[in-house]
Amino acid sequence: MQTLIDLDKKLLLFLNGINNPYLDPIMFYATKTFIWLPLYLFLIFLIFKNYKQNGWFILLGAAVTILLADQITYSIMKPFFARLRPSHEPSLEGLVHIVNGYKGGLYGFASSHAANTFGAALLVWQALKKFYSVGWVFLWAAFITYTRIYLGVHYPGDIIVGAVIGLGCGWVGFSLSEWLINRFSKSPTTLG
């Protein structure tokens, strides 16, 4: 286990070390949820455009996805594992690139950002792949989660585990949406 932890630290220092003062503000704001509001609204528009009233079932599945991903990572894993974020790790002080003094909360395993974004990406991809080429949502999720390493608030392992949890939660959320559409919709054939 110690070998994995050491490898995680080395990979963090390598990836976090690839920084640039011009990228700092981009990465700092790209990690914020509100910046992506236009994208979220656009995706919601596409869902309702293609699913009509069944779009509410997709949104309910998205809410379940985020709720599950967030609760598993934030409420269960972070307090249980109590792994300090790189930005709070005393042995990494002065080695981790920090932007605007942002250090995040005390614990970082597993990444809620990764869980939420990869969960949302899977659900959106499942819901819209029949209508659009939306594989780019996984690139968006990867970019968002990379910002967390760039900012020094997550180890790569935090991101990987968070992403896997998110993908599982996205599958659960979309499965729930499918079940609701098949169970309660007058036109269940509109599934993605």
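In the predicted model, the interface between helices H5 and H7 is formed on the H5 side by Ala114, Ala115, Phe118, Gly119, Leu122, Leu123, Gln126 and Ala127. On the H7 side, these residues meet Ile159, Gly162, Ala163, Ile165, Gly166, Leu167, Gly170, Trp171, Gly173 and Phe174. The axes of H5 and H7 lie 6 Å apart and are inclined at an angle of about 40°. The handedness of this H5–H7 crossing is right-handed.

Helix H7, which spans residues 156–184, also packs against helix H6, which comprises residues 136–150. For this pair the angle is about 145°, and the axes are separated by 10 Å. The crossing of H6 and H7 is likewise assigned as right-handed. Helix H6 contributes Phe138, Thr145, Arg148 and Ile149 to the contact, while H7 contributes Pro156, Ile159 and Leu167. Ile159 and Leu167 of H7 appear in the contact with H6 and are also listed among the H7 residues that meet H5.

Thr145, located in helix H6, was examined individually. Its relative accessible area is 4%, and Thr145 is therefore classed as buried, the cut-off for this class being under 20%. When neighbours within four places in sequence are set aside, the contacts of Thr145 are His113, Ala114, Thr117, Phe118 and Ile159. Of these partners, Ala114 and Phe118 are among the H5 residues at the interface with H7, and Ile159 belongs to the H7 side of the contact with H6.

A further site considered is Gly105, which is situated in the loop connecting helix H4 (55–81) to helix H5 (112–128). Gly105 has a relative accessibility of 38% and so counts as partly exposed, a class that lies between the limits of 20% and 50%. Apart from neighbours within four places in sequence, Gly105 is in contact with Arg85 and His88. The C-alpha atom of Gly105 is 8.8 Å from that of Leu84, although 21 residues separate the two along the chain.

At the start of the chain, Met1 occupies the segment preceding helix H1 (2–17). Met1 is assigned as exposed because its relative accessibility is 73%, where the class requires a value over 50%. Together with Leu4 and Leu7, Met1 forms a nonpolar patch on the surface. The combined accessible area of Met1, Leu4 and Leu7 is about 380 Å².

Technical notes:
Residues are numbered from 1 along each chain as its sequence is written. This is a predicted model: local features need pLDDT of at least 70, side-chain atom pairs count only at pLDDT 80 or more; totals for chains, interfaces and linings use all residues. Side-chain values use heavy atoms; hydrogens and water are left out. Patches are made of residues with over 30% relative accessible area and no salt bridge: like charges are joined within 9 Å, nonpolar side chains (Val, Leu, Ile, Met, Phe, Trp, Tyr) within 5 Å. Accessible areas come from the Shrake-Rupley method with a 1.4 Å probe; for residues, only the protein chains shown count as cover. A salt bridge is a side-chain nitrogen of Lys or Arg within 4 Å of a carboxyl oxygen of Asp or Glu. Helices (H or I, at least four residues) and strands (E, at least two) are DSSP runs, numbered from the N terminus. Buried means under 20% relative accessible area, exposed over 50%, partly exposed in between (1.4 Å probe, protein chains only). Axes are lines fitted to C-alpha atoms, for helices over the stretch in contact, and angles run from 0 to 180 degrees between N-to-C directions. A crossing is left-handed if the near helix is turned anticlockwise from the far one by less than a right angle, and right-handed if clockwise. Contact means heavy atoms within 4.5 Å.
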